[in-house]
Amino acid sequence: MSETASVLDPRSIILVAGVMGLMMAFVIFFLRRSYPASVGGLREWTLGPVLSFGSTLLFAARGFVPDFVSIVVANMVLFQACIYHYVGSQRFLGDSGSTRQWTVLNLLLGVGLFWFMAVHPNYPARLILFTGAVTLMFVMHTRLYMRHSSDDLGMRLMTGVLVAQAVVAGLRGISAVAGLAGHGIMDNAWLQSGYLVMYSLTALFLTIGAVVLASDRMRAEFEFMATHDTLTGALTRRAILNLCEQELDRCQRTGSDMALLMIDIDHFKLVNDTYGHLVGDAVLRLAVARMQRVLGEGGHLGRYGGEEFLALLPGSGGARAEHTAEQLRNALLQPFDADTYLASTWATSPKPPTPPTASFGIASHRGEGETLDHMLLRADTAVYRSKALGRNRVEHAG
Ligand SMILES: Nc1nc2c(ncn2[C@@H]2O[C@H](COP(=O)(O)OP(=O)(O)OP(=O)(O)O)[C@@H](O)[C@H]2O)c(=O)[nH]1
């Protein structure tokens, strides 16, 4: 029994937990230095474990510092650590999180803890107050991850750890209500030790989860940057050609259909020359947004060259590809939305605004033996014919 007590000595457990959390805070701190600002929440995720460690020192100093510090301040610092973890998650997941209202709750918590320490000393009441606040925090934190749920390892790890911690904190509160809390945090009741073990694992796994999530986000961002054009958000030339190669391969194995659309914006040099390159850029972005809306999940759009785009239509034969091309052509012709940069720029211009038009060339898969280069050449030739016949039209490759 005495051996068990020494293995699960609460003071050692919370110290080890704090040190582990602090080490993970270093990891996040260095990640933060090298990650772009678009990966939000890293500052809060660094502060969380640092505060946890601070609370650990304060708890461990029980008997050496005034009780106000080792009880009231220590609990408040620990709760503030939970707040930073939560707000870090909110910012990471793109929600607007603020520590302010939670800090107010923390101050109220401090008043309550002080009351039940100095005015009406009552350990179970303090425990109920603290576990109530912490359980609320973990439930909110869990709900946040459930709202943004995905199959990512980091997301699942975070959700699992938070659910476990919400349950344990809740049970600890219930045990206090049921009179099983003992007389102080250093009481070695099995529930107390169990809670502290759980706490140490949570502190560590929350921070590990944060590191995993941040690395996954970075990988996804790099992958996106490598495969998407920065100006328009369409796929890069290499990415769309890779997809075309894969699709062609599949067609030749299974005999299914596919079609390529070469799309060239008309008189684009004139847009640049008349309105400037910034407007030209906005026109390209608008054209891509409109075409992506039409294609949806059914096709892929890549930027083939400056104002030339390539759409891949898996499973489409010639007739379906023509229908899609007409939809794309019509989408480009629609007037500008009144509140866009383009509408306001062009409205104040001496020349009346006109949405861009484009010329389309379709090359549908002809069957075995056809290469991607050949399909691209056919689509390109069809675009030239479309230009020669007056632009703003769809032509089939021969
Ligand atoms: N603003 C802007 N312009 C670009 C970009 N990439 C290419 N361009 C411009 O696109 C124009 C293409 O001009 P051309 O190849 O002569 O074609 P066009 O004026 O569209 O004429 P047609 O294709 O014959 O209808 C050039 O002026 C390029 O500078 C870009 O990223 N942004």
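The paragraphs below lead through a predicted model, beginning with its sheet and moving on to the nonpolar cores and the surroundings of the ligand.

A good place to begin is the open sheet, which is built from five strands in the order S2-S3-S1-S4-S5 and has mixed pairing. As background, the strands of a sheet pair through backbone hydrogen bonds, and they do so either parallel or antiparallel. In this sheet the edge strands are S2, covering residues 300-303, and S5, covering residues 394-396, each of which pairs on one side only. From one strand to the next, the twist averages 20 degrees.

Starting at the edge formed by S2, the reader can follow the order across the sheet. S2 pairs with S3 in the antiparallel sense over four bridges, and these two strands form a hairpin with four residues between them. Within this pair, glycine 302 has leucine 310 in S3 as its bridge partner. Strand S3 itself spans residues 308-314, and because five of its seven residues are buried, the strand is largely enclosed by the rest of the structure. S3 is also joined to S1 by seven bridges, with the two strands running antiparallel, and here alanine 259 has leucine 313 in S3 as its bridge partner.

The next step leads from S1, residues 258-265, to S4, residues 358-364, and this pair is again antiparallel, with seven bridges. Aspartate 264 stands opposite serine 359 in S4. Strand S4 is mostly covered, since seven of its seven residues are buried. Ala358, Phe360, Ile362 and Ser364 point one way from this strand, whereas Ser359, Gly361 and Ala363 point the other way, and all of them are buried. The last pairing brings in the parallel sense, for S4 and S5 run parallel and are joined by three bridges; phenylalanine 360 has valine 394 in S5 as its bridge partner.

A helix also belongs to this picture of the sheet. Helix H14, made of residues 372-388, packs on the sheet and touches S1, S4 and S5, while its direction makes about 145 degrees with that of S4.

We can now turn to the nonpolar cores. The largest of them has 56 residues, and those with the most contacts inside it are Phe79, Cys82, Ile83 and Val134. Several helices give two or more residues to this core, among them H2 (10-34), H3 (42-60), H5 (100-119) and H8 (190-227), but the helix that gives the most is H4, with 14 residues. Once its neighbours within four places in sequence are left aside, valine 134 is in contact with Phe79, Cys82 and Ala169. There is also a second, separate core of 40 residues, which includes Met291, Ala311, Ala325 and Ala379.

The last region to consider is the shell around the ligand. Which residues come nearest to the ligand? Of the 17 residues around it, the nearest are Asp266, Phe268, Lys269, Gly280 and Gly306. Strand S1, which was met above as a partner of both S3 and S4, supplies at least two residues of this shell, as do helix H10 (268-275) and helix H11 (277-295). By character, the residues of the shell divide into five that are nonpolar, five that are polar and seven that are charged.

Conventions:
Residues are numbered from 1 along each chain as its sequence is written. This is a predicted model: local features need pLDDT of at least 70, side-chain atom pairs count only at pLDDT 80 or more; totals for chains, interfaces and linings use all residues. Two strands pair if DSSP finds at least two bridges between them. Axes are lines fitted to C-alpha atoms, for helices over the stretch in contact, and angles run from 0 to 180 degrees between N-to-C directions. Two residues are in contact if their C-beta atoms, placed from the backbone, lie within 7 Å. A residue is near a molecule or strand if its C-beta atom, placed from the backbone, lies within 6 Å of it. Ala, Val, Leu, Ile, Met, Phe, Trp, Tyr, Cys and Pro count as nonpolar, Asp, Glu, Lys and Arg as charged, and the others, Gly among them, as polar. A nonpolar core is a set of buried Ala, Val, Leu, Ile, Met, Phe, Trp, Tyr and Cys residues joined through C-beta atoms within 7 Å. A residue is buried if 20 or more other C-beta atoms lie within 10 Å of its own, exposed if 12 or fewer, and partly exposed in between; C-beta atoms are placed from the backbone.
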